[in-house]
Amino acid sequence: MKFSRKNGGYTLLELIVYVSVVALLAVISVQSTLSLTRTFSEAKSYGDIRESGTASLERIIKEIRFASSVNLPNTTLNSNPGRLTLNTTDELGNPKTVEFYVSDNSLRLIDGGVDKGALTGTNILLDSIIFRQATTARSTLIKMELTIRDTRSGNSRSANFYGSAVTRGAY
């Protein structure tokens, strides 16, 4: 007596192999997606840190270069958090002050008595800012040390930024 097999079905072994292959492909694709997401998040974090640090330092350096002098009574030097108040003029030549200070872990700017807001990004925290002054008979140099971090990702990333500028009234 001959047994004939019906065409069109799968054996249990074939079904197990197919399901295993599909499951393996699903696991690999999920892991790849998670890895790409993590890599993008890290790149975004580094970019935001770099952007906030660079923009903050550029604004401070620009204001120092336009300033005629440092307002020492309202400035905190050589300590964290530092505070820098500059004596300068507006577009019409009227005297005004520009102040950089820390509030709620962000670097803020007051320009001519008007709070211009935070210079650092929304997800960026300012860990430290220190202003140092070097003065000679002919010039005044302000050095800045800035440490910021991004707190969005599980591993907090931070970076240090350094800059210096001479006030225009010093030469």
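**View 1. The overall fold of the protein, shown as a predicted model.** The secondary structure of the protein comprises one helix and eight strands, and these elements follow one another along the sequence in the pattern α-β-β-β-β-β-β-β-β. The C-alpha trace extends over about 115 × 30 × 25 Å along its principal axes, and the radius of gyration is 29 Å, where a compact globule of 171 residues would have a value near 16 Å. Of the contacts with a separation of 6 or more, 44% are between residues 24 or more positions apart.

**View 2. The surface and the charged side chains of the protein.** The exposed area of the protein is about 11100 Å², of which 55% is supplied by carbon and sulfur atoms, while buried residues make up 30% of the 171 residues. The protein carries 20 positive and 15 negative side chains, and the centres of these two sets are 8 Å apart.

**View 3. The cis peptide bond in the loop between β1 and β2.** Pro81 lies in the loop that connects β1 (69-70) with β2, and the peptide bond leading to Pro81 from Asn80 is cis, with omega near -5°. Most peptide bonds, by contrast, are trans.

**View 4. The pairing of strands β2, β3 and β4.** Strand β2 (residues 84-89) and strand β3 (residues 95-103) run antiparallel and are joined by six bridges; within this pair, Leu86 stands opposite Val98 of β3. Strand β3 is also joined by six bridges to strand β4 (residues 106-111), again in an antiparallel arrangement, and here Val98 stands opposite Asp111 of β4. The hairpin of β2 and β3 has five residues between its strands, and among them Gly93 takes a positive phi near 90°.

**View 5. The two-residue turn between β3 and β4.** The hairpin formed by β3 and β4 has two residues between the strands, and both Asp104 and Asn105 are placed in this loop. Most residues other than glycine have a negative phi. Asp104, however, is not a glycine and has a positive phi of about 55°, and Asn105, also a residue other than glycine, has a positive phi near 60°. Which of the exposure classes does Asp104 belong to? With a relative accessible area of 74%, Asp104 is exposed, because this value lies over the 50% cut-off, whereas Asn105, at 39% relative accessibility, counts as partly exposed.

Definitions and conventions: Residues are numbered from 1 along each chain as its sequence is written. This is a predicted model: local features need pLDDT of at least 70, side-chain atom pairs count only at pLDDT 80 or more; totals for chains, interfaces and linings use all residues. Side-chain values use heavy atoms; hydrogens and water are left out. Helices (H or I, at least four residues) and strands (E, at least two) are DSSP runs, numbered from the N terminus. The radius of gyration is taken over C-alpha atoms; the globule rule is 2.2 Å times the number of residues to the power 0.38. Buried means under 20% relative accessible area, exposed over 50%, partly exposed in between (1.4 Å probe, protein chains only). Contact means heavy atoms within 4.5 Å. Accessible areas come from the Shrake-Rupley method with a 1.4 Å probe; for residues, only the protein chains shown count as cover. Lys and Arg count as positive and Asp and Glu as negative; His and the chain ends are not counted. The place of a charge is taken as NZ of Lys, CZ of Arg, CG of Asp or CD of Glu. Two strands pair if DSSP finds at least two bridges between them.
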